[in-house]
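Me: Please take a close look at one part of this structure, the place where the two chains meet. I would like a connected account in plain terms.

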Protein chains: 2
Amino acid sequence: MKKTTIHEIAKALNINASTVSRALNDSERVKAKTKDMVLTKARELGYTRNMLASNLRRNKSNTIGVVVPRISRYFFSSTIAGIEEMAYQAGYNVIICQSLEEIDRERKIIRNLMANRVDGILISVSMETQDPTHLTECFENGTPLVFFDRHVAGTRQTGKVLIDDVQGGFEATEHLIGQGCRKIAHLTAPLDVEIYKNRHKGYQSALKKHKISYDKNLVLVSQLSKDDGYRQAAKIVEELEGVDGIFSANDFAAIGAMNYLKERDIKIPDDIAITGFSNEPTSAVIEPALTTVDQSGAEIGRLACNLLLDYFENGTALVNDKTIMLPPKLIVRDSTQRKNYAFEL
Amino acid sequence: MKKTTIHEIAKALNINASTVSRALNDSERVKAKTKDMVLTKARELGYTRNMLASNLRRNKSNTIGVVVPRISRYFFSSTIAGIEEMAYQAGYNVIICQSLEEIDRERKIIRNLMANRVDGILISVSMETQDPTHLTECFENGTPLVFFDRHVAGTRQTGKVLIDDVQGGFEATEHLIGQGCRKIAHLTAPLDVEIYKNRHKGYQSALKKHKISYDKNLVLVSQLSKDDGYRQAAKIVEELEGVDGIFSANDFAAIGAMNYLKERDIKIPDDIAITGFSNEPTSAVIEPALTTVDQSGAEIGRLACNLLLDYFENGTALVNDKTIMLPPKLIVRDSTQRKNYAFEL
């Protein structure tokens, strides 16, 4: 079915197409009576404004591109909800893409977003993204880019909205020490991914502060799925002696580990205390409820989107190389609260 | 920063813009050597293809609009992930919008998607959407529309991908009866919302089949949040005598109800057995694990997107008034499995 054009409205009313165009754009050069007439006829003919045409004239699409590893992860769907909320208020559309943790797919997505002339890009990178060339090219082509949560360190000319992962890792680990844990294993993803590197750094510095020596055999690397956590817990129990605490860099692996420990009747938190990271909805529901670090996805999304909107209004100076660092929030629940230990550090 | 145009490439190479355009479009009318030269120069100048321009020429945007009540709900983020997966393979972008359960916002979103000339719309409507005028207008304007999950009954000229909610409600309720429940309360949302109407219908017909009389005092209506479930469970325990089973039309309210029952030391499933609906991730983790009905969000998303892609390829005949009905899947867990009852109906 064909879309109604302003030419058809003009013909039906026997006036100029340019008058119709001005009337639809609420121009002061058109009388109120004419405006009413045009709007009525436009509705009657089922006319809808063609944003494509005006986008092309302005060479912008009124669209923000958002790239996340996986849409269905709660943290990312929360950030997307926060982004959409701000973008909607400001009159922008949001195109959502998922890299599925693959760098090739991420590169393709970025090329496509550029070809579609998005006004800006918000990205949380894949686990494979170490070389940020495809991202720095965005800025060189005039498209501003803001990282949120997962970022590539050292990329200039971008904005960043991050959680202080070092602090988060430090607080989670120090909390375990305060509960009497002295041999703390750390479940993590590859340490060349910035956020995991930083959580690991926080883990190390808490150990150091409390004079517990760092043992790299206690640092177990995986993709941090629930199954990974289950397997790592088995390894901890069967191969590593005397572990009394686990700091997992996400909640999925922590929950997998808890499932193993519960199957083996190992008491949480008295035999092994455990903390996660991210405050996934399941972490509050599992028994015992999981101590974790809250990241507030919706807030990160809103701030990242705002940073981009700032750029649209005020140009690059305010945004580039700007990092907004949010404080993490340790949420203490039953998986770490030992009865015979008070938090005295 | 300005984007490089084909005119600048033409000027730099001292050839025609139309030759550059043909070379970039891989036309047979341009020699391989010229193509190489153009591509090299295009890369050098940072040229990216302008999809806006070609979209305008074709009067389509290569974009699918998706409207859901809330992006951060697991069921919806799973459908979005499924939609994005299929759209990506077919070379379409996905614009995601959330109605936040408000009809006014949903109307605005649809107008905006139409103005942006999306090629089609996938929608799961808000709880307030009873009048589908804004949706039927899409088709009248040449934009195909497919409902998934939450739909408006009786809308012609649309495709639908649905879960058989009547069957789901029936199976959940019959399962409770099979566990010995004889006074079953039903937590639901307003019954003019199609999916809740159908789940309630399934509840009624299971009672009828097993000669249990229907008592409308046992049907409790709310927005089905966790807090609503908690409050309704309190009402069931304090005001309604002898309830021994609860069928909740979603998992959130079921989990809220379980929290109340656990606080009051009412045994699940022996005193009150309980089932939810949707298979949210938390339902598997709570103790006892919650019996629920799986909806397979990712699969619904893939099918809905495919129906739209079918339309793009083959025109309206195959899609309009087509309904794909998926069977629900009852997942039996500990919240209903009474030790002294076998499932014999």
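Reply: The model is predicted. Start with how the two chains are related. A turn of 180° with a shift of 0.0 Å along the axis lays chain A on chain B, and the RMSD is then 0.2 Å. This is the relation of a two-fold axis. Both copies use the same surface, since 100% of the contact residues of chain A recur in chain B.

Next comes the extent of the contact. Chain A gives 50 residues to it, and chain B gives 50 residues as well. Together the two chains bury about 4,700 Å² between them. Of that area, 56% is on carbon and sulfur atoms.

Now to the charged and polar pairs. Four salt bridges are counted between chain A and chain B. One pair that forms a salt bridge is Glu84(A) with Arg105(B), where the closest N and O atoms are 3.0 Å apart. For polar contact, the count between the two chains is 12 residue pairs, with both residues at pLDDT 80 or more.

Which elements of chain A give two or more residues to the side that touches chain B? They are the helices α4 (51-58), α5 (74-90), α6 (103-115), α7 (133-140) and α12 (281-285), together with the strand β2 (93-98). The largest share comes from α5(A), which gives eight residues to the side of chain A that touches chain B.

For context, here is another part of chain A. Four strands form an open sheet in the order β7-β6-β8-β9, with parallel pairing. The edges are taken by β7 (219-221) and β9 (273-275) of chain A; each has a single partner strand, so one side of each is left without a neighbour in the sheet. From one strand to the next, the twist averages 15°.

Within this sheet, β6 (residues 184-188) and β8 (residues 245-248) of chain A run parallel and are joined by four bridges. Ala185(A) stands opposite Ile246(A), a residue of β8(A). In general, the strands of a sheet pair through backbone hydrogen bonds, and the pairing is either parallel or antiparallel.

A helix goes with the sheet. Helix α11 (residues 251-263) of chain A lies across β6, β8 and β9 of chain A. Its direction is at about 155° to β9(A).

To return to your request: the two chains meet through 50 residues from each, and α5(A) gives the largest share of the side of chain A that touches chain B.

How values were computed: Residues numbered from 1 in each chain as written. Chains lettered and ligands numbered in written order. Predicted model: local features only at pLDDT ≥ 70, side-chain atom pairs only at ≥ 80, totals over all residues. Heavy atoms only, no water. Pairing = 2+ DSSP bridges. Axes fitted to C-alpha atoms, helices over the stretch in contact; angles between N-to-C directions. Contact = heavy atoms within 4.5 Å. Least-squares fit on C-alpha atoms with pLDDT ≥ 70 in both. Buried area = accessible area lost by both parts, 1.4 Å probe. Salt bridge = Lys/Arg side-chain N within 4 Å of Asp/Glu carboxyl O. Polar contact = N/O pair within 3.5 Å; in protein donor to acceptor, adjacent residues only side chain to side chain.
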